[in-house]
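Work through the three exercises below with the model open. Each task is followed by a stepwise solution.

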There are 2 protein chains.
Amino acid sequence: MAPFEVRLTAHRRAVLGALEAAGRPLSVEEVVAAAGVPTSTAYRNLSELVDCGVVARVAGAGGADRHELAEALSHHHHHHMVCTRCGTVSDFDPSRQLERLIGREIEQILEETGFAVDHHVFDVRGLCRRCRD
Amino acid sequence: MAPFEVRLTAHRRAVLGALEAAGRPLSVEEVVAAAGVPTSTAYRNLSELVDCGVVARVAGAGGADRHELAEALSHHHHHHMVCTRCGTVSDFDPSRQLERLIGREIEQILEETGFAVDHHVFDVRGLCRRCRD
DNA sequence: ACTTCGAATGGGAAGCATTCTCATTTGGGT
DNA sequence: ACCCAAATGAGAATGCTTCCCATTCGAAGT
């Protein structure tokens, strides 16, 4: 795999700061702009932070990946609303009931198919309020 | 956007045939191999078929996209199990109860955030039976 | 069958996001 | 202050996908 410990350098602090300030998944381009780090460093640092479990990688609208603070570090478990027009991704909280049901579903999958679920992705795609107008 | 009508040429028939035979989302490489069409044609045809609503594009484990027959043409609504080791994607059926709850959740999202959901993605990621050994 | 013309094809070039390379710099521990 | 592995960053390299464009195909009309 990859290292599970990394130094907390100024760059990485800046990257984490940008993600925290945004409170939503950012594209690499946005991270580069907000954190003021070179592109190659942004990519490398984001990957390392993902490997450490500090940052989560989420699929955006096009092919480009986005990143946000891992759930353990942010405040709660959540899912994503991906705007298929402007590409912006924002978070939303699922209901307790839904999460409970998803948990049960995952157990069933293991039983019935032998597939060991590591984590689930429940994202919705559509148009954000601004892009609907 | 793109054309909503396309000719049903031999190539496109081959592509659709490959997707139908597989019964699971295929990588472009797999489509090229199974349908025996050149890569550029596979990409173009898959995109056109996606635009027509005949084929659905689904995100795989790495950056590479996969394609399968749209739900309207296959047999039922389903979700995906993505193996993070071998990249294979297979389908599974969600319980009625889960789908009902998801529908309700989507209504709430519109009410509370103004985000108009077009469709939802509920995929699980983990290790398939073969890759667990 | 023959013609016609827009649609489809396909090989390669181009475009992007991402990863790799490697010489140089940085920083934590001794 | 010194050492050495870790981090940096500019550009090269990779890999997936889209674009270009000269050629071919095919459905509708004659």
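**Exercise 1. Place A:Cys52 in its chain and classify its exposure.**

Step 1. Find the element. A:Cys52 is part of helix α3 of chain A, which covers residues 39–52. The model is a predicted one.

Step 2. Count neighbours. A:Cys52 has 15 C-beta neighbours inside 10 Å. A residue is buried at 20 or more and exposed at 12 or fewer. A:Cys52 is therefore partly exposed.

Step 3. Compare sequence with space. A:Cys52 and A:Asp118 lie 66 residues apart in sequence. Their C-alpha atoms are 16 Å apart.

**Exercise 2. Describe the side of chain B that touches chain A.**

Step 1. Take the totals. On chain B, 31 residues are in contact with 31 residues of chain A.

Step 2. Assign elements. Those giving two or more residues on the chain B side are α4 (96–113), β6 (116–127) and α5 (129–132). β6(B) gives the most, with twelve residues.

Step 3. Sort by character. The chain B side holds 16 nonpolar, nine polar and six charged residues.

Step 4. Check the strands. Strand β6 of chain A (residues 116–127) pairs with β6(B) over eleven bridges, in the antiparallel sense. Among the partners, A:Val121 bridges to B:Asp123.

**Exercise 3. Which relation links chain B to chain A?**

Step 1. Superpose. A rotation of 180 degrees, with 0.0 Å of shift along its axis, brings chain B onto chain A at RMSD 0.1 Å.

Step 2. Name the relation. This is a two-fold axis.

Step 3. Locate the axis. In chain B, B:Phe122 has the C-alpha nearest the axis, at 2.2 Å.

Step 4. Compare surfaces. Both copies use the same surface: 100% of the contact residues of chain B recur in chain A.

Terms used
Residues are numbered from 1 along each chain as its sequence is written. Chains are lettered from A and ligands numbered from 1 in the order in which they are written. This is a predicted model: local features need pLDDT of at least 70, side-chain atom pairs count only at pLDDT 80 or more; totals for chains, interfaces and linings use all residues. Helices (H or I, at least four residues) and strands (E, at least two) are DSSP runs, numbered from the N terminus. Two residues are in contact if their C-beta atoms, placed from the backbone, lie within 7 Å. Ala, Val, Leu, Ile, Met, Phe, Trp, Tyr, Cys and Pro count as nonpolar, Asp, Glu, Lys and Arg as charged, and the others, Gly among them, as polar. Two strands pair if DSSP finds at least two bridges between them. Copies are superposed by least squares on the C-alpha atoms of residues with pLDDT of at least 70 in both.
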